[in-house]
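Thanks, everyone; I would like to take a few minutes on charged and nonpolar side chains at the surface. Please have a look at the sequence and the structure before I go on.

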Amino acid sequence: MAQLVTRLDDTLVDEVDGLIADGVVANRSEAVRRGLQQLVDEHRRLQIGARIVDAYRCRPQDEQELTGLDAATRALVEEEPW
């Protein structure tokens, strides 16, 4: 297992120690692991979302594909920023 060494400002360390005191995480290492896992997951999800949007831009849905949607669902789809 690899180790990472980093420097943190005192305010952030105090916040992490508060999470430990509140029982949110067991120790500083767990806090760092969970934070990095969340960052990696968020980035992965953003990449997937961008690929989905790009695919719809390259090949938008046509009327035949949208026929089965009711009016409320169609309105939700049309409000999306893509």
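Arg-45 has a relative accessibility of 54%, and because exposed means over 50%, it counts as exposed. In this predicted model, Arg-45 forms a salt bridge with Asp-41, with 2.8 Å between the closest N and O atoms, and both residues lie in helix α2, four residues apart, or about one turn of the helix. Asp-41 itself is partly exposed, at a relative accessible area of 27%.

The structure holds five salt bridges, and I will take two others from helix α2. Glu-30 and Arg-34 meet through their side chains at 3.6 Å, N to O; they are four residues apart in helix α2 and so separated by about one helical turn. Glu-30 is partly exposed at 23%, and Arg-34 is partly exposed at 41%. Further along, the side chains of Asp-54 and Arg-57 form a salt bridge at 3.9 Å, N to O, and here the partners are three residues apart in helix α2, again about one helical turn. Arg-57 is exposed, with a relative accessible area of 52%. Coming back to Asp-41 and Arg-45, salt bridges that share partners join these two and Arg-44 into one network.

Which residues gather in a patch of negative charge on the surface? They are Asp-9, Asp-10, Asp-14 and Glu-15, and of these Asp-14 sits in helix α1, residues 10-21, and is exposed at 53%.

Finally, Leu-4, Val-32, Leu-36 and Leu-39 form a nonpolar surface patch with about 400 Å² of accessible area together; Val-32 belongs to helix α2, residues 28-58, and is partly exposed at 42%.

Terms used:
Residues are numbered from 1 along each chain as its sequence is written. This is a predicted model: local features need pLDDT of at least 70, side-chain atom pairs count only at pLDDT 80 or more; totals for chains, interfaces and linings use all residues. Side-chain values use heavy atoms; hydrogens and water are left out. Patches are made of residues with over 30% relative accessible area and no salt bridge: like charges are joined within 9 Å, nonpolar side chains (Val, Leu, Ile, Met, Phe, Trp, Tyr) within 5 Å. Accessible areas come from the Shrake-Rupley method with a 1.4 Å probe; for residues, only the protein chains shown count as cover. A salt bridge is a side-chain nitrogen of Lys or Arg within 4 Å of a carboxyl oxygen of Asp or Glu. Helices (H or I, at least four residues) and strands (E, at least two) are DSSP runs, numbered from the N terminus. Buried means under 20% relative accessible area, exposed over 50%, partly exposed in between (1.4 Å probe, protein chains only). Lys and Arg count as positive and Asp and Glu as negative; His and the chain ends are not counted. The place of a charge is taken as NZ of Lys, CZ of Arg, CG of Asp or CD of Glu.
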